[in-house]
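Q: I should like to learn how to read several features of a protein model, beginning with solvent exposure. Could the teacher give the general idea and then the case at hand?

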Amino acid sequence: MSAVPLDRITIEPSSPATACVIWLHGLGDSGAGFSPIVPELRLPTNHSVRFIFPHAPEQPVTINQGYVMRSWYDIKSMDLHNRADMKGVIESEAKVKALIKEQNDKGIPTSNIVLAGFSQGGVVSMFTGLRYPEKLAGIMALSCYLPNADALPDQLSVANSDTNILQLHGANDDVVPLSAGKMANKLLNEQNYPVTWKTYPMAHSVHPTEIRDIAQWLVARLNIA
């Protein structure tokens, strides 16, 4: 586990936090890429949800000619079966687990924590959530895939075997093919995870209707009044 905590943007609620959303960005982005979404969610003004948008470490990325950028793991090729560097995925999993532990230490139980992520961040959030030993409030996987491509992760958590998963994808995604999201969805359904799947008329991005759906899902998962 990384000894150095991840830098992050933290958005505190107006009342003391009782729940938390840990939201991971995509390749080459930063926590600043998604932090502006919080006001767009239009959650009730008295909600008590802390939002954390961590910044991935900087590292060379193979498919981008080794250019150094923020990345949760190296992307070795466009081949879904050999895309994700699993060593890097597991290192990022450890960093996310440390973020969860931080929140536990601040009084927020794991059962009030949602793991969320877009693209590469969604891969890490889904991988971590499916393996996390304590029950999470939910897993949000936006425009992403499973790092093992056509297999669920090893060491699946019994505690999260019935945790609600929100899978959202662009019908015209030219970065993470729709088929990759559908492959993950099929595997989750085969294992009877309570997964919600929706597509939107967008490429590799976020759609206004999607933001509304995310807000409704968060209100239900975190019992926001």
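A: A residue counts as exposed when its relative accessible area is over 50%, and as buried when that area is under 20%. Please bear in mind that this is a predicted model. With a relative accessible area of 74%, Q65 is therefore exposed.

Q: Where is Q65 found?

A: Q65 belongs to the loop that lies between β4 and β5. These two strands form a hairpin with five residues between them. The phi angle of Q65 is near 55°, which is positive although the residue is not glycine.

Q: In which sense do β4 and β5 run, and how many bridges join them?

A: Strand β4 (residues 58-61) and strand β5 (residues 67-70) run antiparallel and are joined by four bridges. As an example of the register, Q59 stands opposite M69 in β5.

Q: What is the phi of N192, and where is this residue found?

A: N192, also not a glycine, has a positive phi of about 65°. Its place is the loop between α4 (178-190) and β9 (195-200). Since its relative accessibility is 65%, N192 counts as exposed.

Q: Let us turn to the strands that pair in the parallel sense. Which strand pairs with β2?

A: Two strands are taken to pair if at least two bridges are found between them. Strand β2 (residues 19-24) pairs with β6 in the parallel sense, over five bridges. In this pairing V21 stands opposite V114 of β6.

Q: How does β6 pair with β7?

A: β6 and strand β7 (residues 138-142) also pair in the parallel sense, over five bridges. V114 has G138 as its bridge partner in β7. Between the two strands the chain passes through helix α3 (residues 120-131), and this β-α-β crossover is right-handed.

Q: Are the residues of β6 buried or exposed?

A: Strand β6 (residues 113-118) is mostly covered, with six of its six residues buried. The burial concerns both faces: I113, L115 and G117 lie on one side, V114, A116 and F118 on the other, and all are buried.

Q: How should I read the cysteines, and how many disulfides does the structure hold?

A: A disulfide is a covalent bond between the sulfur atoms of two cysteines. The structure holds zero disulfides. C20 is in none, and its nearest cysteine sulfur, that of C144, is 19 Å away.

Q: Why is there no bond between C144 and C20?

A: The cut-off for a disulfide is a pair of cysteine sulfur atoms within 2.5 Å. The sulfur of C144 is 19 Å from the closest cysteine sulfur, in C20, and is therefore too far for a bond. As for their surroundings, C20 is buried, with a relative accessible area of 0%. C144 counts as buried too, because its relative accessibility is 2%.

Q: Finally, how much space lies in the largest pocket, and which residues lie nearest its centre?

A: A pocket may be described by its volume and by the residues that line it. The largest pocket holds about 210 Å³ of space. Its lining comprises 15 residues, and L27, I75, S119, V175 and H204 lie nearest the centre.

Q: How do the residues of this lining divide by character?

A: The lining of the largest pocket divides into nine nonpolar, four polar and two charged residues.

Note on methods: Residues are numbered from 1 along each chain as its sequence is written. This is a predicted model: local features need pLDDT of at least 70, side-chain atom pairs count only at pLDDT 80 or more; totals for chains, interfaces and linings use all residues. Side-chain values use heavy atoms; hydrogens and water are left out. Buried means under 20% relative accessible area, exposed over 50%, partly exposed in between (1.4 Å probe, protein chains only). On a 1 Å grid over the protein atoms alone, a cavity is a set of points where a 1.4 Å probe fits but cannot get out, and a pocket is an open set with protein on both sides within 12 Å along at least five of seven lines; lining residues have an atom within 4 Å of a point. Grid points are joined across faces, edges and corners, and a volume is the space filled by probe spheres set on the points. Ala, Val, Leu, Ile, Met, Phe, Trp, Tyr, Cys and Pro count as nonpolar, Asp, Glu, Lys and Arg as charged, and the others, Gly among them, as polar. A crossover is right-handed if, with the strands pointing away from the viewer, the path from the first strand over the helix to the second runs clockwise.
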